Amino acid sequence: MIPGLMQQTPLQVIDILKFAARAHGGVEVVSRLVDEPIVRSTYAGELRRTERAAKALQRLGVRAGDRVATLAWNTLRHFELFYAVPGLGAILNTVNPRLFDEQITYILNHAEAGVLFFDKSFLALVERLAPKLETVKTFVMLSDESAHEPGAVGAQCYERLLAQESDGFVWPTLDENAGAMLCYTSGTTGEPKGVLYSHRGIVLHAIASGLNSAFGFDAFDVVMPCSSLFHASAWGLPFAAPINGCKLVLPCEKMDGAHLQELILNEGVTFTGGVPTIWTMYLAHLEQTGGNAGKLKRVVIGGSAVPRAMAETFKRKYGVQVLQIWGMTETAPLGVIATPTPALAALGEDKLDEAIWTRQGRLQFGIELKVVDENGAEAPHDGETSGALMVRGPWTIQRYFRGERDVVDADGWFDTGDIATIDQFGFMRITDRKKDVIKSGGEWISSIDLENVAVACPGVKIAAVVGVPHPKWEERPIMLIEAHEGAELSEQQVLAYLAPRIVKWWTPDRVLFGLVPLTATGKINKKAIRDAYGQVLMGA
Ligand code: ADP
């Protein structure tokens, strides 16, 4: 080999913020906070606060490789820790506060976190968990002096810690393959599993996600992440926004329609993203108030399948383009994004819309995808043949944190647990989670497709389809519907709506009404539905 003669500058997370401070220093970072007024900062200001945070972390005894945990919303203080902790060479462990107490305790003990930063909303939770936390020695509340409460854990005050330090910090040079962020999967089956993102993976992901084939950012964009910073780093937006010089707007936990609308209008938000349930609430708010979406141009939606009706309403009523995204904690999390291509555009606007509204997204540089059959043979890109979705690339998992073996095959492919197809245009479509597939009389029924049709039925807020045991057909689909407030819906009405839109044998054997349970990451909790309604057809 003749070595290349270019510099081997390691890719480091902190360099993203240093760049933003230098190149876009005056661009704003605006944030809601818990029980405090909205604050406004800039990338230059954020670098200075991050330098102080790094010094404070050192003073608290944090060293390279140590785990520093957070239980925190989408705020500027949390954003600062996204840079200060990895910047020091330590590892930021963002924990999902919506998990059960036992799961949060498990994660903090498994990660061996020494310091825990938390928002005031979680004081009672932290007090409750503290006796079971084996390694956390220091608690810091992400608050101002005026809002601070030490509680039973004797928490320190974040703003006081920052005030005690001075600007400026000499950031260490790190190995780009060092761990930077540790995110746990929600563990709906089994214990949560830790995915440790490297500096290199995060930086490459941040560059790739801004590409035109993906989020398509430019310096005029105003980005508001409404996916949680604690869930797979809010799709990397806290990194992708500064790298592109975009203004950043952080909504804290206030993700209801009215609060989001206020920020969208007042801050000129052009780009936002989150799970479908947030946008159901937002669209309902616009409908009720007769409002418009201001300067909003694109909404990226993922985490679970985007109902076609949602994408259509955004475009036709509000002129907003929906970009569906698929990813998972194990892919840091970007996998595919549904953006137009000339080949699809040539088929006409209707065909283009159809394709990008009903597919999870198209192949992106940096993450390879393939669909394989039971024997591991690759399926053709025909949009029909479904199989296990496998991925690999520089921001795909190799091994879980503290795991004993790799979770990829000899060629580096990771089995996502999803069932998918890929079409001739390179668009991938998820038909189901492997554990949620419905097999009726030997044939597959896609629960996601059925839900997508049902959710467009007037009055339906959420539709969930699961397969339950059936005496004759092994399994048949049943549908659980959560209706919009005040909507009167009957089983007959829903079935009449579905009839012309689906093949007959996909018709759910029962349509039930009630609250659809959601997981801590906002997905339909199909296991809970199967547990509750698993036997409804056994008398059939
Ligand atoms: P959790 O911790 O809840 O598992 P993840 O974000 O890691 O959270 O979940 C990833 C899974 O979410 C994917 O494997 C897939 O099943 C599902 N998912 C993500 N985006 C989509 C989408 N656009 N359509 C359908 N399913 C999706």
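A disulfide is taken here as a pair of cysteine sulfur atoms within 2.5 Å. In the predicted model described here, the number of such pairs is 0. The case of C252 shows how this comes about: the cysteine sulfur closest to that of C252 belongs to C226 and lies 12 Å away, which is too far for a bond. C252 has a relative accessibility of 0% and is therefore buried. C457 also counts as buried, because its relative accessibility is 5%, and buried means under 20%.

Turning to the N-terminal elements, helix α1 spans residues 14–23, and its buried residues are I14, I16, L17, A20 and A21. Viewed down the axis of α1, these buried residues fall within an arc of 160°, so they line one face of the helix. A helical pattern of this kind is easy to follow, since an α-helix has 3.6 residues a turn and residues three or four places apart therefore point the same way. The cover over the buried residues of α1 includes four other helices: α2 (43–59), α3 (76–87), α7 (199–209) and α8 (237–243).

Strands β1 (residues 28–33) and β2 (residues 36–42) are paired in the antiparallel sense, with 5 bridges between them. Within this pairing, S31 has V39 of β2 as its bridge partner. The two strands, β1 and β2, make a hairpin in which 2 residues separate them. One residue of the turn, D35, has a positive phi of about 55°.

A further sheet brings together β23, β24 and β25. Its 3 strands are arranged in the order β23-β24-β25, and the sheet is open, with mixed pairing. The edges are formed by β23 (460–470) and β25 (510–513), each of which pairs on one side only. On average, neighbouring strands of this sheet are turned by 25° against each other, direction ignored. Helix α16, made up of residues 526–533, packs on the sheet and touches β23, β24 and β25. The direction of α16 makes about 60° with that of β23.

Strands of a sheet pair through backbone hydrogen bonds, in either a parallel or an antiparallel way. For β24 (residues 474–483) and β25, the pairing is parallel and comprises 4 bridges. A handy residue for locating this pairing in the model is I478, whose bridge partner in β25 is R510.

Key: Residues are numbered from 1 along each chain as its sequence is written. This is a predicted model: local features need pLDDT of at least 70, side-chain atom pairs count only at pLDDT 80 or more; totals for chains, interfaces and linings use all residues. Side-chain values use heavy atoms; hydrogens and water are left out. Buried means under 20% relative accessible area, exposed over 50%, partly exposed in between (1.4 Å probe, protein chains only). Two strands pair if DSSP finds at least two bridges between them. Axes are lines fitted to C-alpha atoms, for helices over the stretch in contact, and angles run from 0 to 180 degrees between N-to-C directions. Contact means heavy atoms within 4.5 Å. The arc is that of the directions from the helix axis to the C-beta atoms.
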